[in-house]
Each structure stands twice: as structure tokens, then as C-alpha cells.
Amino acid sequence: MKATKELLVFILAESSLELVPRELWGHPSVAKHASSKGKKAGELLLDRSYHHSAMLRLKDNGKRGRPDIVHFSLLEATSSPLYMGGWIDVYVHTIVDEAVHLGRSVRLPKSYFRFEGLIEKLFEERKVLSPDGSTLLEIRSQSLKELISEIRPSITIGLSRMGKRNDFGGVAKELFMHEKPAFVVGGFPRGHFCMNTSLNFDELYSCHELPLEAHVVIARIVYEFEKLLMI
Ligand SMILES: C[S@@+](CC[C@H](N)C(=O)[O-])C[C@H]1O[C@@H](n2cnc3c(N)ncnc32)[C@H](O)[C@@H]1O
């Protein structure tokens with residue numbers, strides 16, 4: 001077993017997580033949703049299930065408005081023995097270049113509606129603290145490149161169906177060979193990483209011929225890494 005902790009870094013990149021952008025505030029579907037929740041349009045998470053018609057005019061709209069993908073993915077990562085044992089640091093980079101930094105022992109709500117409320121509060125206050133004053137969640141304006149420069153991983157491996165073929169065990173082994181390795185999974189519903197994202201990768205691997213859900217890919221990499229750590 002390796003001697004040091006927090007060795008693996010996981011980044012969910014280009015994630016479908018943002019507040020409703022200003023250009024959609026006046027759209028009837030957004031105004032109706034805001035009034036039903038007693039909030040301003042700009043305080044709501046962009047969500048395709050409510051804002052589909054408004055989103056048709058948004059740039060890159062196929063990659064946006066799916067905060068449920070981030071919820072699923074974070075539950076998968078933070079419920080793992082790897083995270084509970086302090087072996088993995090978790091970050092969410094968003095499609096609009098913000099980055100959520102997760103603290104060490106975050107217990108995210110299993111209920112989507114409570115997760116939505118928590119993230120809307122995070123966007124408003126920029127930080128969520130635990131009762132003892134430690135930071136549970138913090139959001140910063142940060143591109144993926146800036147986030148990676150701050151983390152300084154020794155290798156950054158992207159996962160995509162468009163990558164070189166490998167299996168989950170092989171990717172975990174390659175990560176395991178490095179001191180502070182990072183793996184990156186897309187937090188969006190369809191499409192592929194944009195060029196600016198891919199430029200940050202040392203390797204890009206595909207682990208299956210099928211397009212898989214982000215949470216499945218995360219679960220498998222984490223599990224293979226746990227087996228190597230024997231935890
Ligand atoms: C729902 S997918 C995005 C859909 C995209 N059409 C695709 O095929 O990758 C979310 C993320 O899961 C990961 N992923 C999906 N399928 C994969 C595969 N076969 N091998 C490796 N990673 C995969 C990628 O990081 C991808 O960005």
C-alpha cells in the first residue's frame with residue numbers, strides 16, 4: 001500500500017452545472033419556474049427538464065442543463081471507500097468555467113431536491129461550511145487549465161469513448177504508478193470533450209465500445225483503484 005494519502009484526484013469536467021444565464025431570464029418557461037419556486041430566475045439551476053424550450057437558443061445547449069448528472073456522479077465518488085478513507089480529492093469543473101472544490105468528508109444529500117437547494121446556495125454564497133467551520137464546498141471562477149495548474153497532478157488521464165482502448169483495470173494501474181494522478185470524466189449528457197479540455201490530458205482512454213454514463217465510469221475506475229490500494 002502507498003504511504004501517503006489523498007493521492008488520487010478526480011475531476012468531473014465541462015459539467016452541466018450552472019445558474020440560469022441572464023439571456024434566458026425573460027423566457028416564459030424560466031419565469032414560470034422561478035415564480036413557482038419563489039426565487040429569481042438567476043438564482044435557479046439551469047435544468048433541461050424545466051427550461052428545455054428556453055435552452056434551444058443557448059450555445060452548446062446539448063451539454064448544458066443536466067445538474068442531475070453532477071448529483072449522480074458526486075454521490076458515486078463520495079460514497080466510495082476511497083473517498084471515505086481520504087484517498088481521493090474531488091472537483092467539479094463546469095461548462096461555464098467555474099470549479100467546485102469538495103472538502104474531505106462531504107455527505108451530499110441523496111435527494112435531488114435537497115442537492116439542488118444546496119448547490120443554489122453554493123452559487124449564491126460561494127462557500128458552504130460545516131457546523132464546525134470547515135469548508136464543505138467552495139466554488140471559484142476557474143477554467144479546467146487553471147484548476148489543473150493549481151492541483152498540479154503528476155499525470156492527467158481523460159476518459160472518453162474517443163480515446164485509445166484500455167480497460168478500467170489498466171487505467172487504474174497507470175494512475176497508480178504516479179504520485180498524484182488525476183482522472184477526468186465528462187459531466188455532460190452527450191458529445192465529447194472540447195479541444196480546450198483535451199489539451200490538458202497526458203492520455204485519453206476509452207474503456208468500452210459503448211458510450212457509458214459518467215457515474216458508471218467513475219464507479220469502475222474508483223473500484224479498480226481501491227483494489228490496487230487494497231482498501
Ligand atoms: C455520458 S458520457 C458523454 C457522452 C459521450 N457521447 C461519450 O460517448 O463519451 C459522460 C462521460 O463518460 C465517460 N465515458 C463515456 N463512455 C466512455 C467510454 N466508453 N470509455 C471511457 N469513458 C467513457 C467520458 O468521460 C464522457 O465524457
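Author: A residue counts as near a molecule if one of its heavy atoms lies within 4 Å of that molecule. The model discussed here is predicted.

Reader: How many residues surround the ligand, and which are the closest?

Author: The ligand is surrounded by 20 residues, and the closest are Leu159, Cys207, His208, Leu210 and Leu212. By class, this shell holds 12 nonpolar, 6 polar and 2 charged residues.

Reader: Which residues have an N or O atom beside an oxygen or nitrogen atom of the ligand?

Author: In the side chain of Arg161, an N or O atom is 3.1 Å from an oxygen atom of the ligand. Gly186 places a backbone N or O atom 3.0 Å from an oxygen atom of the ligand. For Leu212, a backbone N or O atom lies 2.8 Å from a nitrogen atom of the ligand. The ligand taken alone exposes 540 Å², and the protein buries 94% of that.

Reader: How is empty space found, and where does the ligand sit?

Author: Rolling a probe the size of a water molecule over the atoms reveals where empty space remains. In this model, the ligand sits in the largest pocket, whose volume is about 620 Å³. This pocket is lined by 28 residues, with Phe188, Pro211, Leu212, Glu213 and Ala214 nearest its centre.

Reader: Which element gives the largest share of that lining, and which gives the most to the shell around the ligand?

Author: For the lining of the largest pocket, α3 supplies the largest share, 4 residues. For the shell around the ligand, β6 gives the most, with 3 residues.

Reader: What is the volume of the second largest pocket?

Author: The second largest pocket has a volume of about 330 Å³. Its lining comprises 17 residues, and those closest to its centre are His93, Asp97, Cys194, Asn196 and Thr197.

Conventions: Residues are numbered from 1 along each chain as its sequence is written. This is a predicted model: local features need pLDDT of at least 70, side-chain atom pairs count only at pLDDT 80 or more; totals for chains, interfaces and linings use all residues. Side-chain values use heavy atoms; hydrogens and water are left out. A polar contact is a pair of N or O atoms within 3.5 Å; within protein, one must be able to donate a hydrogen and the other to accept it, and residues adjacent in sequence count only if both atoms are side-chain atoms. Accessible areas come from the Shrake-Rupley method with a 1.4 Å probe; for residues, only the protein chains shown count as cover. On a 1 Å grid over the protein atoms alone, a cavity is a set of points where a 1.4 Å probe fits but cannot get out, and a pocket is an open set with protein on both sides within 12 Å along at least five of seven lines; lining residues have an atom within 4 Å of a point. A molecule sits in a cavity or pocket if more than half of its atoms lie within 2 Å of its grid points. Helices (H or I, at least four residues) and strands (E, at least two) are DSSP runs, numbered from the N terminus. Ala, Val, Leu, Ile, Met, Phe, Trp, Tyr, Cys and Pro count as nonpolar, Asp, Glu, Lys and Arg as charged, and the others, Gly among them, as polar. Grid points are joined across faces, edges and corners, and a volume is the space filled by probe spheres set on the points.
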